[in-house]
Each structure stands twice: as structure tokens, then as C-alpha cells.
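Student: I've got the model open and I'd like to know what stands behind the labels people put on it. Can we go through them one by one?

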Amino acid sequence: MSKKISHEDLVKKALSNPKVKKEYNSLEAEFNLLNEMIKARKKSGKTQEDVAKKMHTSTSVIGRLEGLLGSNNKPSPTLSTLQRYADAIDCDLKIKIVPKKHHDTDSV
């Protein structure tokens with residue numbers, strides 16, 4: 001019988017590999033954007049179906065958009081698409097460039 005490993009332990013083990021850690025860190029901005037999009041949609045009280053109707057598209061397209069980020073083999077959404085998404089959830093789209101945080105040790 002194999003020992004079950006917790007998600008936290010699995011992440012620690014994976015991130016102990018320098019190549020995995022580098023790739024994981026390179027996706028941070030995309031994951032942050034994805035989280036912000038979903039959080040803003042939920043805060044607006046809208047479902048993916050609501051957003052799809054406002055954007056004149058299908059729910060599956062919105063699902064793919066919200067799951068699109070962080071995947072190397074899928075194209076990134078355009079600024080125009082992100083603006084339409086923001087409009088559909090009654091939000092403004094703001095993009096910032098901020099100084100990088102420098103850490104002696106990166107953590108999850």
C-alpha cells in the first residue's frame with residue numbers, strides 16, 4: 001500500500017527541482033491575473049454564462065478564457081478580450097508595471 005502525499009508535500013517536492021521551480025515562478029503573473037479575473041467575476045455576482053451573454057460568446061469560451069492562462073500551448077488573450085471581459089463584469093481593466101520583489105528564498 002502506498003503512502004498518500006499531501007498537496008503541500010507534493011508542491012514542495014516538485015519545487016525542489018530547479019527546472020520546475022523556474023517554470024512555476026515564470027507563470028506567477030499569469031496565475032495572478034487568472035485569480036483576479038475569477039475573483040472579480042464572482043464579486044460582481046456574475047456567472048460564466050452571464051459574462052458569455054454580455055460578450056456575445058459561449059460559456060465554454062469564457063471557461064477556456066478563465067483557464068487559458070498558465071498554459072504554454074495555448075495563446076494568451078488579447079488586451080481587447082481582457083477589456084471586453086472586464087466590461088462584462090462591470091470592472092475597469094488596469095495594467096501596472098511594478099518593481100520586482102527580490103527574495104532571498106522563494107516560497108509557495
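Tutor: Sure. Leaving aside neighbours within four places in sequence, L79 is in contact with L93 and I95. Keep in mind that this is a predicted model.

Student: What makes L93 and I95 count as contacts of L79?

Tutor: The cut-off is heavy atoms within 4.5 Å, and L93 and I95 are the residues that meet it for L79 once the sequence neighbours within four places are set aside. Don't mix that up with C-alpha spacing: for L79 and I95, 16 residues apart along the chain, the C-alpha atoms are separated by 9.7 Å.

Student: Why is L79 called exposed?

Tutor: Exposed means over 50% relative accessible area. L79 has 56% relative accessibility, so L79 counts as exposed. As for its place, L79 is found in helix 6, residues 79–88.

Student: And why is K46 called buried?

Tutor: Buried means under 20%. K46 comes out at 16% relative accessibility, and therefore counts as buried. K46 sits in the loop between helix 3 (28–43) and helix 4 (48–55). Beyond its neighbours within four places in sequence, K46 touches R41, V51, K54, A88, I89 and D90.

Student: Some of those names come up again between helices, don't they? Which residues of helix 4 and helix 6 meet?

Tutor: From helix 4 there are V51, K54 and M55, and from helix 6 there are T81, R84, Y85, D87 and A88. Sorted by kind, the residues of this contact are 4 nonpolar, 1 polar and 3 charged.

Student: What makes Y85 nonpolar and T81 polar here?

Tutor: That's the convention: Tyr is on the nonpolar list, while residues that are on neither the nonpolar nor the charged list count as polar.

Student: How do the axes of helix 4 and helix 6 cross?

Tutor: The two axes come within 9 Å and cross at roughly 115 degrees. As for the hand, helix 4 passes helix 6 in a right-handed crossing.

Student: Zooming out, how many helices and strands does the protein chain have?

Tutor: There are 6 helices and 0 strands, so from the N terminus the order reads α-α-α-α-α-α.

Student: What share of the residues is buried?

Tutor: With the cut-off of under 20% relative accessible area, buried residues make up 21% of the 108 residues in the protein chain. The accessible surface comes to about 8,900 Å², with 55% of it belonging to carbon and sulfur atoms.

Terms used: Residues are numbered from 1 along each chain as its sequence is written. This is a predicted model: local features need pLDDT of at least 70, side-chain atom pairs count only at pLDDT 80 or more; totals for chains, interfaces and linings use all residues. Side-chain values use heavy atoms; hydrogens and water are left out. Helices (H or I, at least four residues) and strands (E, at least two) are DSSP runs, numbered from the N terminus. Buried means under 20% relative accessible area, exposed over 50%, partly exposed in between (1.4 Å probe, protein chains only). Accessible areas come from the Shrake-Rupley method with a 1.4 Å probe; for residues, only the protein chains shown count as cover. Axes are lines fitted to C-alpha atoms, for helices over the stretch in contact, and angles run from 0 to 180 degrees between N-to-C directions. A crossing is left-handed if the near helix is turned anticlockwise from the far one by less than a right angle, and right-handed if clockwise.
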